[in-house]
Amino acid sequence: MKQVVLRIEDAAFEKFMGMVDLCPMVEVLNVCDSGDKKLTIDRYVALAISEMRHDLAFKNPCDYAYLMVAMNQSVVKGLPFFYTPKDFIDYMRQSDFDNLPGRTTIYDTIGKVKGKFPDWTFTDTPKASEALRRKNLVKRFLSAFMRAQSRVSDAFSDNMR
């Protein structure tokens, strides 16, 4: 299966969608205006984190820092990059998340992560099960992010019918 990203002028959009309707093996996953891409990704991130919070995936306040590190390592292209823990906290607050860790907690935690995901090591030498749990937080986020994309595209497809 292939995924193709296209940029289409507004005047050609309806004709293009008509051509897509003629191809039953082609599925439109997402449509957004050029300026909306950041908002769309932010929505996927918020939905993914909401799902994780609902599932009680975050056991410790520092767990959010692992998401920040993963985002900064571009585990998914297009995710935001955060220069400081404050930037990350502010981003999370834009999605109305509360009960977030403080800057110091995030700063101290990201300092313990070494390497590139998924080959992270931790300087605080956690037990193997804890190291795996930390890495699995990111895997859960990636899965939830993909489900968020799918839910939004399914809702879009339903609206197009």
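Good morning. I begin with a definition: two rings of Phe, Tyr or Trp form an aromatic pair if their centres lie within 6.5 Å, the six-membered ring being the one used for Trp. By that definition, the structure before you holds 10 aromatic pairs. Please keep in mind throughout that this is a predicted model.

Allow me to take one of these pairs at once. The ring centres of Y66 and W120 are 6.3 Å apart. Their planes meet at 40°, so this pair is classed as tilted. Where in the chain do Y66 and W120 lie? Y66 belongs to helix α3, whereas W120 sits in the loop between β1, residues 113-114, and β2. The two are 54 residues apart, and the pair thus links distant parts of the chain. Y66 has a relative accessible area of 2% and is therefore buried. W120 is buried as well, with a relative accessible area of 2%.

A second pair is formed by F82 and F88. Here the ring centres are 5.1 Å apart and the planes stand at 80°, so the arrangement is edge-to-face. The class follows because planes over 60 degrees apart count as edge-to-face. F82 is buried at 4% relative accessible area, and F88 is buried at 1%. Returning to Y66 and W120, ring pairs join these two residues with F117 and F122 in a cluster.

Let me now step back to the overall plan. The protein has six helices and two strands. Read from the N terminus, the order of the elements is α-α-α-α-α-β-β-α. The protein has 161 residues, and 35% of them count as buried. Among contacts with a separation of 6 or more, 60% come from residues 24 or more positions apart.

I turn next to the packing of two helices. Helix α3 covers residues 63-72 and helix α4 covers residues 85-94. Their axes come within 11 Å and cross at roughly 105°. How are α3 and α4 oriented to each other? They are roughly perpendicular, because angles of 65 to 115 degrees fall in that class. On the α3 side, the residues that meet α4 are Y64, M68 and M71. On the α4 side, their counterparts are P85, F88 and M92. By class, this contact has six nonpolar residues, with no polar and no charged ones. F88, as you will recall, is the residue whose ring also pairs with that of F82.

We come to charged side chains. Side chains of opposite charge can pair when their charged atoms come close. The structure holds seven salt bridges, and I shall present three examples.

The first joins D98 and R53, with the closest N and O atoms 3.4 Å apart. D98 lies in the loop between α4 and α5, while R53 lies in helix α2, residues 37-54. These partners are 45 residues apart, so that distant parts of the chain are linked. D98 is partly exposed at 47% relative accessibility, and R53 is partly exposed at 21%.

The second salt bridge is between D90 and K86, whose closest N and O atoms are 2.7 Å apart. What separates D90 and K86 along helix α4? They are four residues apart, and therefore about one helical turn lies between them. Both ends are partly exposed: D90 has 28% relative accessibility, and K86 has 41%.

The third salt bridge connects the side chains of D124 and R134, at 3.0 Å from N to O. D124 lies in the loop between β2 and α6, and R134 in helix α6, so the bridge ties together parts that are 10 residues apart in sequence. Is each partner buried or exposed, or something in between? D124 is partly exposed at 31%, whereas R134 is buried at 7%. Through salt bridges that share partners, D63, D124, E130, R133 and R134 form one network.

I close with a single residue of helix α6, namely A131. Its relative accessible area is 16%, and A131 is therefore buried, the cut-off being under 20%. Setting aside neighbours within four places in sequence, A131 is in contact with F122 and P126. F122 is one of the members of the ring cluster described earlier. Finally, A131 and T121 are 10 residues apart in sequence, and their C-alpha atoms are 7.6 Å apart in space.

Thank you for your attention.

Definitions and conventions:
Residues are numbered from 1 along each chain as its sequence is written. This is a predicted model: local features need pLDDT of at least 70, side-chain atom pairs count only at pLDDT 80 or more; totals for chains, interfaces and linings use all residues. Side-chain values use heavy atoms; hydrogens and water are left out. Axes are lines fitted to C-alpha atoms, for helices over the stretch in contact, and angles run from 0 to 180 degrees between N-to-C directions. Angles under 35 degrees count as roughly parallel, over 145 as roughly antiparallel, 65 to 115 as roughly perpendicular and the rest as oblique. Contact means heavy atoms within 4.5 Å. Ala, Val, Leu, Ile, Met, Phe, Trp, Tyr, Cys and Pro count as nonpolar, Asp, Glu, Lys and Arg as charged, and the others, Gly among them, as polar. A salt bridge is a side-chain nitrogen of Lys or Arg within 4 Å of a carboxyl oxygen of Asp or Glu. Buried means under 20% relative accessible area, exposed over 50%, partly exposed in between (1.4 Å probe, protein chains only). Rings of Phe, Tyr and Trp (its six-membered ring) pair if their centres lie within 6.5 Å; planes under 30 degrees apart count as stacked, over 60 as edge-to-face and the rest as tilted.
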